[in-house]
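Trainee: I should be grateful for a close look at a single part of this structure, set within the whole.

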Amino acid sequence: MAVSYFKCEYIPLMIEQLTKVCCESPKWHCRRSGIEFIQNFVFSNMFNVRPYAEQIHKIIFKCLFDDQIEVRILSCETLSGLYQCGFIEVTREDFKYFQKMSKTKCSSQISNELSQRHGGILGLCAIVLSSPYDIQKYVPNALMILCEHSNQPNIVQVETFFCF
């Protein structure tokens with residue numbers, strides 16, 4: 001269904017339902033599927049969905065800082081793809097927000113702070129991944145910030161270890 005062409009009058013309803021699934025569902029499998037749906041939905045309806053880019057941007061940002069790692073990782077991939085195709089532009093505000101979140105101090109192994117930090121790092125990764133053939137203006141700075149995290153323990157491994 002996500003790769004189907006939608007008439008313009010159905011798109012607001014679809015965005016509303018995707019917001020509920022991705023941002024309000026207590027089940028992480030639903031949130032992950034919703035993000036995957038958004039990716040296919042946007043690419044299949046690129047021109048009709050463009051007026052709703054800001055709402056889609058907010059949904060993806062919310063999921064980028066989700067408690068569940070699988071949702072965060074797929075949100076990073078989706079955000080990168082949407083940056084790469086120009087559906088969503090990398091803004092200074094996005095970059096600063098990712099930079100701020102990536103420097104979040106973690107007081108415990110399982111915490112909201114860990115999700116924020118990992119989401120910030122994934123956001124910076126999305127910026128880098130969105131430019132595979134050229135170097136956009138935010139890529140060098142994003143790489144410099146990511147280099148600061150290269151010698152730190154892998155928070156993903158730590159998080160998944162404590163989840164079991």
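Trainee: What percentage of the 164 residues of the protein count as buried? Please then turn to Asp94, in helix 6.

Mentor: This is a predicted model, in which local features need pLDDT of at least 70 and side-chain atom pairs count only at pLDDT 80 or more, while totals for chains, interfaces and linings use all residues. Residues are numbered from 1 along each chain as its sequence is written, and side-chain values use heavy atoms, with hydrogens and water left out.

Of the 164 residues, 45% count as buried; buried means under 20% relative accessible area, exposed over 50%, and partly exposed in between, with a 1.4 Å probe and protein chains only. The protein has 9 helices and 0 strands, where helices (H or I, at least four residues) and strands (E, at least two) are DSSP runs numbered from the N terminus. The mean pLDDT, the predictor's confidence in each residue from 0 to 100, is 87, and 90% of residues reach 70 or more. Helix 9 (residues 155–163) has the lowest mean pLDDT among the elements, 45, and helix 4 (residues 53–64) the highest, 96.

Asp94 lies in helix 6. At 7% relative accessibility, Asp94 counts as buried. Leaving aside neighbours within four places in sequence, Asp94 is in contact (heavy atoms within 4.5 Å) with His57, Phe61, Tyr83 and Glu89. With one of these, Tyr83, Asp94 shares a side-chain polar contact of 3.0 Å. A polar contact is a pair of N or O atoms within 3.5 Å; within protein, one must be able to donate a hydrogen and the other to accept it, and residues adjacent in sequence count only if both atoms are side-chain atoms.

Asp94 may also be placed relative to Gly123: the two are 29 residues apart along the chain, and their C-alpha atoms are separated by 8.3 Å. Gly123 is one of the buried residues of helix 7, which also include Arg117, His118 and Leu124. The 18 residues of helix 7 should span 26 Å at 1.5 Å a residue (1.5 Å times one less than the number of residues), and the end C-alpha atoms are 25 Å apart, which agrees.

Finally, consider the largest nonpolar core, a set of buried Ala, Val, Leu, Ile, Met, Phe, Trp, Tyr and Cys residues joined through side-chain atoms within 4.5 Å. Of its 42 residues, Ile38, Phe41, Ile56, Leu79, Phe87 and Phe98 touch the most other members. Helix 4 supplies the largest share of this core, 7 residues.
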